[in-house]
Amino acid sequence: MNRHLRWALALLGLSVLARLAWMLFAPNGLNVVDLHVYVDGSASLLTDRLYDFTYSEVTPDFPLPFTYPPFAALVFFPLHYLPFTLVAIGWMLATIAALYGVIRISFELLLGAETAKETKWITAAVGWTALGVWLEPVRTTIDYGQVNVFLVFGAMLAVRSTRWWISGTLVGLIAGIKLTPAITGLYFVARRRWATVLWSAAAFGLTVAVSFVINAHEAKRYFGTLLGDADRIGPVGSVWNQSLRGALSRILGYDVESGPWWIAAVLLTAVLALLAWRTLGPDDRLGTLVLVQLFGLMISPISWSHHWVWLIPTVLWLRYGPLRGERVARIFAWFWVLTMLVGVPWVLSFAQPDIWTIPRPWPLAWLGAVDVLGVFALLGWLVWHGRDTLRARLPGRRAVELAKG
């Protein structure tokens, strides 16, 4: 075995052991509050109280409700028959395995499947996994027992496959578990994989139908009244919320909801994302996927810092993709590595009076928009850097006008 690969495996092993030790021996290591919600909440699947369930044993200031679609409760349902400690350990190990899968597929999309099998790239994937365990989106995903890495892995598997029925089924299933991954469908629109787009919608519809068959009462509650209720999911203004709505609310001092400030910010993000995508090369699959997912994180009412697992493929794209020779791309990559390693929202959380207070002193408000500002800066740079490519794709007179301007 290659010496560098041995070192990378050793580092990964140490990372796994450290996380396991923390879980088993630290005073709060087995809190994993979201996993409790998944497991304990899903036990109510066959009752009329699924969306009345709350878990507040370690979160008395905010009893955590079950907020996912009924299909998610069906997926989690078997877990409540197992000892919780066993479920928590297995969940952590599976999360790290899924993270490795995310990174391996990222390299495949960047380099091709055959090149990604070379020892040096396997070593790189193992090394990035060892580091990724300690980056905030994954670190907090493990701390809370969240589902984020699995959903990212599902989306990556969908993009990796060339079979429309596999890709569509995967997107439909992960959207059925948690609605936000449905944004992945935009990737297949951008790639003009129309069969996948249609089949993913059908697969999602099937998860909804199964929900009504299993528990029509709670399915009607979820899709009829609870869907879109951001307040039920959590405190919109908390620094942990790294979406446009969260950042704008903290800066302006009140919940902007879906008002004019939010609409304007969404439109700006959409325009920048579209222009940035148009500058990408036709074979840049990971770049397209990253832009779609960053757009989804920005426009979602709530994007907790642990939802931003997509920053890891973003870093890999900037570091190893077609822009790897650009100094600014490397700066963006290291910016996100450092902010994730530090955990900026985590640091700032010590300065917020409580999770419900929205106004912040302006320095903290702007620092709390670290991911939103990072995305805007990245999209703006991509548009500026690729302006020649964009001009070449515009028709006649408009291209000439841009060239003169």
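Is Arg-192 buried or exposed? In this predicted model, Arg-192 is exposed, with a relative accessible area of 65%, and its place is in the loop between α10 and α11. The backbone at Arg-192 deserves a look as well, since the residue has a positive phi of about 55 degrees although it is not a glycine. Most residues other than glycine have a negative phi.

Val-32 also has a positive phi, near 25 degrees, and is likewise a residue other than glycine. Val-32 sits in the loop between α1 (3-25) and α2 (33-42), and it is buried, because its relative accessible area of 1% falls under 20%.

From the loop that holds Arg-192, the reader can turn to the helix α11 (residues 194-214), in which Val-213 lies. Val-213 is exposed, with a relative accessible area of 70%, and together with Leu-46, Leu-74 and Ile-214 it makes a nonpolar surface patch of about 370 Å².

On the other side of that loop in the numbering comes α10 (185-190), which, like α15 (260-278) and α16 (285-299), supplies at least two residues of the lining of the second largest pocket. This pocket has a volume of about 250 Å³, and its lining includes Leu-186, Val-189 and Ala-190, as well as Ala-270, Trp-277, Thr-288 and Phe-295. By class, the lining of the second largest pocket divides into 10 nonpolar residues, 1 polar residue and no charged ones.

Enclosed spaces come next, and a search of the whole structure finds 4 cavities of 30 Å³ or more. The largest cavity has a volume of about 60 Å³, and it is lined by Glu-136, Pro-137, Ser-305, Trp-308, Leu-311, Thr-339, Met-340, Pro-345, Val-370 and Asp-371. Two or more residues of this lining come from each of α7 (136-144), α18 (327-342) and α21 (370-385). The lining of the largest cavity has 6 nonpolar, 2 polar and 2 charged residues, whereas that of the second largest pocket has no charged residues.

The second largest cavity holds about 50 Å³ of space, and the residues that line it are Val-239, Arg-250, Leu-348, Ala-351, Gln-352, Arg-360, Leu-364 and Gly-368. Sorted by class, this lining has 4 nonpolar, 2 polar and 2 charged residues.

Definitions and conventions: Residues are numbered from 1 along each chain as its sequence is written. This is a predicted model: local features need pLDDT of at least 70, side-chain atom pairs count only at pLDDT 80 or more; totals for chains, interfaces and linings use all residues. Side-chain values use heavy atoms; hydrogens and water are left out. On a 1 Å grid over the protein atoms alone, a cavity is a set of points where a 1.4 Å probe fits but cannot get out, and a pocket is an open set with protein on both sides within 12 Å along at least five of seven lines; lining residues have an atom within 4 Å of a point. Grid points are joined across faces, edges and corners, and a volume is the space filled by probe spheres set on the points. Helices (H or I, at least four residues) and strands (E, at least two) are DSSP runs, numbered from the N terminus. Ala, Val, Leu, Ile, Met, Phe, Trp, Tyr, Cys and Pro count as nonpolar, Asp, Glu, Lys and Arg as charged, and the others, Gly among them, as polar. Patches are made of residues with over 30% relative accessible area and no salt bridge: like charges are joined within 9 Å, nonpolar side chains (Val, Leu, Ile, Met, Phe, Trp, Tyr) within 5 Å. Accessible areas come from the Shrake-Rupley method with a 1.4 Å probe; for residues, only the protein chains shown count as cover. A salt bridge is a side-chain nitrogen of Lys or Arg within 4 Å of a carboxyl oxygen of Asp or Glu. Buried means under 20% relative accessible area, exposed over 50%, partly exposed in between (1.4 Å probe, protein chains only).
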